[in-house]
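Reader: Hello! Could you take me on a close look at one part of this model, the cysteines and what surrounds them, and then follow the chain outward to the surface?

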Amino acid sequence: MQKTKKVLKPVPVIEEFVCDCCEKVVRPNSNDLDEAIETQEMLHIRMEAGFGSIFGEGTKVEGDFCQACVNKLLGKFLRYSRS
């Protein structure tokens, strides 16, 4: 027989995102509709570079970008469609 109990453990919670390009601060738990939309539209890049990568094998590459900066930096390379 297993006897269990519930315990509370500290869990990291994101308080804000900061765009790595323009430094715009977005708070995901805000009650503001504009911030809620910005939170949903943030682009988060998390990857580990592979063999022969220009970033260096095994290097962790990260970036957080607001939608305006994604459009500014990548917009001309992106394809748009509606489903």
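Author: Happy to! Please keep in mind that this is a predicted model. A good place to begin is with how the cysteines pair, or do not pair.

The structure holds 0 disulfides. Cys-19 is in no disulfide, and the nearest cysteine sulfur to it, that of Cys-69, is 3.7 Å away. The same description fits Cys-22: no disulfide, with the sulfur of Cys-69 as the nearest cysteine sulfur, 3.7 Å away. For a pair to count as a disulfide, the two sulfur atoms must be within 2.5 Å, so a separation of 3.7 Å does not qualify.

How exposed are these two cysteines? Cys-19 counts as buried because its relative accessibility is 1%, and the cut-off for buried is under 20%. Cys-22 has a relative accessible area of 40%, so Cys-22 is partly exposed.

Cys-69 deserves a visit of its own. Leaving aside its neighbours within four places in sequence, Cys-69 is in contact with Cys-19, Cys-21, Cys-22 and Leu-74. Cys-69 also belongs to the largest nonpolar core, which has 8 residues in all. Its other members are Phe-17, Cys-19, Val-26, Met-42, Phe-65, Cys-66 and Val-70.

Let us now step to the loop between strand E1 (17-18) and strand E2 (25-26), where Glu-23 lies. Its phi is near 65°, a positive value in a residue other than glycine, which may be a backbone angle you would like to look at on screen. Glu-23 counts as exposed because its relative accessibility is 61%.

From there, helix H1 (residues 33-41) is our next stop, and Glu-38 is found in it. Glu-38 counts as buried because its relative accessibility is 13%. Leaving aside neighbours within four places in sequence, Glu-38 is in contact with Lys-24, Val-26, Cys-66 and Gln-67. Two of these names will be familiar: Val-26 and Cys-66 are members of the largest nonpolar core.

Thr-39 is also in helix H1. With a relative accessibility of 18%, Thr-39 counts as buried, because the cut-off is under 20%. Again leaving aside neighbours within four places in sequence, Thr-39 is in contact with Phe-17, Val-26, Arg-27 and Pro-28. Phe-17 and Val-26 are among the residues of the largest nonpolar core, and Val-26 is in contact with Glu-38 as well.

Now for the surface. A nonpolar patch of about 1000 Å² is made there by Leu-43, Ile-45, Met-47, Ile-54, Phe-55, Leu-73, Leu-74, Phe-77, Leu-78 and Tyr-80. Strand E3 (43-48) and helix H2 are the elements that give two or more residues to the patch. Strand E3 gives the most, with 3 residues. Leu-74 links this part of the tour to the cysteines, since Leu-74 is in the patch and is in contact with Cys-69.

One member of the patch, Leu-78, is found in the segment after H2. Leu-78 counts as partly exposed because its relative accessibility is 39%.

Ser-81 makes a pleasant last stop, in the segment after helix H2 (67-74). At 71% relative accessibility, Ser-81 counts as exposed, because the cut-off for exposed is over 50%. Looking back towards the start of our walk, Ser-81 and Glu-16 are 65 residues apart in sequence, and their C-alpha atoms are 30 Å apart in space.

Terms used: Residues are numbered from 1 along each chain as its sequence is written. This is a predicted model: local features need pLDDT of at least 70, side-chain atom pairs count only at pLDDT 80 or more; totals for chains, interfaces and linings use all residues. Side-chain values use heavy atoms; hydrogens and water are left out. Helices (H or I, at least four residues) and strands (E, at least two) are DSSP runs, numbered from the N terminus. Buried means under 20% relative accessible area, exposed over 50%, partly exposed in between (1.4 Å probe, protein chains only). Patches are made of residues with over 30% relative accessible area and no salt bridge: like charges are joined within 9 Å, nonpolar side chains (Val, Leu, Ile, Met, Phe, Trp, Tyr) within 5 Å. Accessible areas come from the Shrake-Rupley method with a 1.4 Å probe; for residues, only the protein chains shown count as cover. A salt bridge is a side-chain nitrogen of Lys or Arg within 4 Å of a carboxyl oxygen of Asp or Glu. A nonpolar core is a set of buried Ala, Val, Leu, Ile, Met, Phe, Trp, Tyr and Cys residues joined through side-chain atoms within 4.5 Å. Contact means heavy atoms within 4.5 Å.
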